[in-house]
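Subject: Structure for your review

Dear colleague,

Here is the structure I promised to pass on, with the sequence alongside. Please have it open while you read the notes that follow.

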Amino acid sequence: KTRGIMSKIDSATLQQSIAGIREAAAKKPRKFVETIDLQIGLKGIDPSTDKRFSGSIVLPFCPCPRRTVCVFADAAHEGEIKKLAAAGTIIPMQTVADLKKLNKEPKPVKKLGMKYSMFLASDSLFKQIPRLLGPTLNKMGKFPTVVGTRENLAQKCNEMKSTVRFQLKKVLCLGVPVAHLGMSNEEMTKNIVLSINFLASLLKKGWQNIRHVHIKSSMGPSFRIY
């Protein structure tokens with residue numbers, strides 16, 4: 001099923017590497033579900049002169065189920081979150097009153113930023129966030145993503161948890177979480193292949209800019225797949 005889009009990644013090598021990761025994890029079981037990271041080395045790019053790329057893709061299977069999303073909610077979203085909670089789906093939120101209590105002070109805002117993996121903000125509140133919280137969340141790389149009143153909030157939160165972002169900074173190495181050991185091999189394969197192909201699409205010369213690709217579980221050895 002994934003053969004058509006596997007482009008430069010050898011299917012057998014990838015399957016052997018996934019088996020190797022599982023084998024290493026089975027020898028030393030952990031008390032948590034290990035995440036699988038994609039580690040990429042780039043070439044033919046100069047971060048000081050070339051345009052720095054940045055792009056995000058929503059993967060079909062959530063690579064980090066432990067990620068948490070907090071919503072900066074207006075009255076409409078507050079009502080929706082309360083309804084979801086009554087049905088058993090808990091989504092953390094902060095109302096305007098909650099945000100005002102932080103008084104734009106960096107320490108409390110940073111504490112809020114550290115508590116959650118990412119943030120959403122109701123579209124009616126979005127432009128007010130800098131005025132309510134100051135620049136701290138933006139400096140942490142956690143400025144909220146806007147969510148409209150017509151969007152499905154629970155679905156949007158799941159999308160956020162399933163999103164991986166590739167961004168070139170000062171070094172030619174990238175590392176992103178793309179799967180976890182609770183997934184089936186097929187789910188891992190789909191996430192890994194989609195991620196690499198998406199990264200290749202962001203690069204000026206595509207695959208020619210990729211030096212090597214490894215996959216690695218949180219506590220295990222790395223395996224080269226390209």
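Which residue in S9 is the bridge partner of Leu 42? It is Ile 210, and that pair is a convenient place to enter the model, which, please bear in mind throughout, is a predicted one.

**Overall content**

The protein chain has 226 residues, of which 42% count as buried, and its secondary structure comes to nine helices and ten strands. Along the principal axes, the C-alpha trace of the protein chain spans about 55 × 45 × 35 Å. In helix H1, which covers residues 11–27, you will find Leu 14, and this residue counts as buried because its relative accessibility is 0%. The C-alpha atom of Leu 14 is separated by 29 Å from that of Ser 117, the two residues being 103 apart along the chain.

**The antiparallel sheet**

Four strands make up an open sheet in the order S8-S1-S9-S10, and their pairing is antiparallel. S8 and strand S10 (222–224) stand at the edges with a single partner strand each, so one side of each is left without a neighbour in the sheet. From one strand to the next, the twist in this sheet averages 25°.

Strand S1, residues 35–42, pairs with strand S9, residues 210–217, in the antiparallel sense over seven bridges. Besides the pair of Leu 42 and Ile 210, the register can be followed through Leu 38, which stands opposite Ile 215 in S9, and through Gln 39, whose bridge partner in S9 is His 214. S1 is also joined to S8 by seven bridges, again with the two strands running antiparallel, and here Asp 37 has Pro 177 in S8 as its bridge partner. Six of the eight residues of S1 are buried, so this strand is largely enclosed by the rest of the structure.

S9 in turn pairs with S10 in the antiparallel sense over three bridges, and these two strands form a hairpin with four residues between them. Ile 215, which stands opposite Leu 38 of the S1–S9 pairing, also stands opposite Phe 223 in S10.

**The parallel sheet**

A further open sheet of four strands has the order S4-S3-S5-S6, and in this one the pairing is parallel. Its edges are formed by strand S4 (93–95) and strand S6 (145–147), each of which has a single partner strand, so one side of each is left without a neighbour in the sheet. The twist here averages 30° from one strand to the next. Strand S3, residues 69–73, is joined to S4 by three bridges, and the two run parallel; within this part of the sheet, Ala 73 stands opposite Thr 95 in S4.

**The largest pocket**

The largest pocket has a volume of about 820 Å³. Its lining consists of 23 residues, and those that lie nearest its centre are Arg 67, Met 118, Gly 141, Arg 165 and Gln 167. Strand S5 (118–122), strand S7 (163–167) and strand S8 (173–180) each supply at least two residues of this lining, and S8 is thus a strand to look at twice, since it also stands at an edge of the antiparallel sheet. Sorted by class, the lining has twelve nonpolar, seven polar and four charged residues.

**Cysteines**

How many disulfides does the structure hold? The structure holds zero, and the distances account for this in the cysteines I looked at. The sulfur of Cys 64 has its closest cysteine sulfur in Cys 62, and because the two are 6.4 Å apart, they are too far from each other for a bond; the cut-off used for a disulfide is a pair of cysteine sulfur atoms within 2.5 Å. Cys 173 is likewise in no disulfide, the nearest cysteine sulfur, that of Cys 64, being 20 Å away. As to their surroundings, Cys 64 counts as buried because its relative accessibility is 12%, whereas Cys 173, at 57% relative accessibility, counts as exposed.

With kind regards

Terms used:
Residues are numbered from 1 along each chain as its sequence is written. This is a predicted model: local features need pLDDT of at least 70, side-chain atom pairs count only at pLDDT 80 or more; totals for chains, interfaces and linings use all residues. Side-chain values use heavy atoms; hydrogens and water are left out. On a 1 Å grid over the protein atoms alone, a cavity is a set of points where a 1.4 Å probe fits but cannot get out, and a pocket is an open set with protein on both sides within 12 Å along at least five of seven lines; lining residues have an atom within 4 Å of a point. Grid points are joined across faces, edges and corners, and a volume is the space filled by probe spheres set on the points. Ala, Val, Leu, Ile, Met, Phe, Trp, Tyr, Cys and Pro count as nonpolar, Asp, Glu, Lys and Arg as charged, and the others, Gly among them, as polar. Buried means under 20% relative accessible area, exposed over 50%, partly exposed in between (1.4 Å probe, protein chains only). Two strands pair if DSSP finds at least two bridges between them. Axes are lines fitted to C-alpha atoms, for helices over the stretch in contact, and angles run from 0 to 180 degrees between N-to-C directions.
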